[in-house]
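User: Could you take a close look at how the helices pack against each other here? I'd like one connected walk-through.

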Amino acid sequence: MGLAGTVILKGMVRLLKLLAVALLTGIGVAITYYVFEAAAHNAIDALWLNWIDTDQHRLLVVPMCLLLALMYFGAQHALDRTSERQESHGLGDAPKPTIANFSKILFLGFLSLLAGASLGPEAILVPACTLLGAYIGSRFFGNSSQSTKLMGAAGLVALFAAFFNSFIIGMLGLLLIRKQTKLQLRPVLIAISAVAAGSTIWLLGVLSSKPYVSLPPTNWYFNFRSLLGLIILLVAGYAITYVTGWLHRAASILHAAVLKRPWWLRALVAAAGLAALYLAGGHLVEFTGNKSIVPMLQQAAALGTDGLLWVVLVKIAAIGWSKAMGYRGGMIFPTIFVASTLVAIMHSHVPNLNFIYGLIAVLIGALFADRKVKILL
């Protein structure tokens with residue numbers, strides 16, 4: 001075999017090894033997502049809805065927020081003091097790829113969501129799954145290898161596929177690669193990402209996992225009124241991002257005032273504000289919001305435009321408060337709930353408006369505004 005043949009053979013062997021490790025990464029991401037989502041969802045239901053039933057006994061939201069905040073902030077103080085002065089990044093920051101860091105991210109993130117943070121799991125699972133991919137890659141390629149970084153990126157793509165139970169949306173996660181991992185979109189990255197996303201979707205199908213966000217059925221009718229509604233929703237998405245930023249900055253002022261106080265005092269202040277917002281907004285504004293979209297739509301007619309606008313205002317206040325006061329979680333999934341509420345408002349005036357088109361319009365406006373506000377990502 002000539003020199004050229006040897007080079008080609010080595011390249012093929014390396015590519016096959018990369019694809020095999022990407023397959024392992026996708027399986028690892030699927031298991032991580034499935035276990036974390038089930039644990040967080042079932043624990044929230046068990047504590048907040050079944051054991052205490054805060055939907056019926058609203059004032060019990062106050063002690064629940066206080067006690068669970070003490071658990072979360074106490075665990076953070078014991079396990080990760082360096083993060084006490086840092087807000088959760090929009091998509092999270094992946095530390096050194098070790099099993100200890102992987103476990104710490106998931107454990108503290110779980111406690112934060114259980115404590116009622118009005119934030120999403122993406123800022124918890126993105127760094128965890130990126131770290132997991134990098135860790136698996138390091139076992140095969142070494143810690144400093146470019147291939148290890150590729151596996152971290154593949155973990156991110158596989159997670160987006162898991163969130164929406166969609167291979168296509170997972171691959172669209174490649175658009176975040178440059179921002180999150182600083183890697184260029186090259187054919188080898190696309191190939192291993194496709195394998196990781198595909199194996200994640202396959203395993204979640206075996207486990208009968210559902211998408212993280214459940215959206216209602218929709219129609220594809222479109223007319224001039226629909227176009228006008230989409231323009232208004234685009235502007236509304238732009239506006240709510242600025243309002244969220246203002247509310248977040250206001251909460252950050254209070255957080256700065258208590259930052260040097262004992263951790264338990266910060267926990268009580270954070271919990272008191274969150275409880276007050278949840279009492280003011282009702283159960284629809286609680287937690288991430290992914291499970292509240294369909295109930296909100298079912299109640300939209302009864303709430304009316306004023307009621308839905310109140311839900312939007314309280315929800316974005318709870319999002320800004322949670323982020324500023326040190327809870328862990330991301331802004332994307334709560335923003336999807338806010339966007340869905342805005343679409344419900346518009347739908348009362350434009351009944352034939354396509355829900356998916358409306359949701360996309362709000363999110364485009366929100367992401368465009370975030371280029372200046374810098375709070376969502």
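Analyst: One cut-off first: an angle over 145 degrees between two helix axes counts as roughly antiparallel, while angles under 35 degrees count as roughly parallel. Keep in mind that this is a predicted model.

Let's start with helix α2 (residues 61–79) and helix α3 (residues 99–114), whose axes cross at roughly 160° and come within 8 Å. With that angle, α2 and α3 are therefore roughly antiparallel to each other. The crossing of α2 past α3 is left-handed. On the α2 side, the contact is made by Leu68, Met71, Tyr72, Ala75, Gln76 and Leu79, and they meet Lys104, Phe107, Leu108, Leu111, Ser112 and Leu114 of α3. Sorted by class, this α2–α3 contact has nine nonpolar residues, two polar and one charged.

Now on to the other pair. Helix α4 (residues 122–141) packs with helix α5 (residues 146–164) at an angle of about 140°, and their axes are 7 Å apart. That angle makes α4 oblique to α5. Here α4 passes α5 in a right-handed crossing. From α4, the residues in contact are Glu122, Leu125, Val126, Cys129, Thr130, Gly133, Ala134, Gly137, Ser138 and Phe141; α5 brings in Ser147, Thr148, Met151, Gly152, Gly155, Leu156, Leu159, Phe160 and Phe163. By class, the contact of α4 with α5 has 10 nonpolar, eight polar and one charged residues.

Technical notes
Residues numbered from 1 in each chain as written. Predicted model: local features only at pLDDT ≥ 70, side-chain atom pairs only at ≥ 80, totals over all residues. Heavy atoms only, no water. Axes fitted to C-alpha atoms, helices over the stretch in contact; angles between N-to-C directions. Helix = DSSP H or I, 4+ residues; strand = E, 2+ residues; numbered from the N terminus. Parallel < 35°, antiparallel > 145°, perpendicular 65-115°, else oblique. Left-handed = near helix turned anticlockwise from the far one by under 90°. Contact = heavy atoms within 4.5 Å. Nonpolar A, V, L, I, M, F, W, Y, C, P; charged D, E, K, R; others polar.
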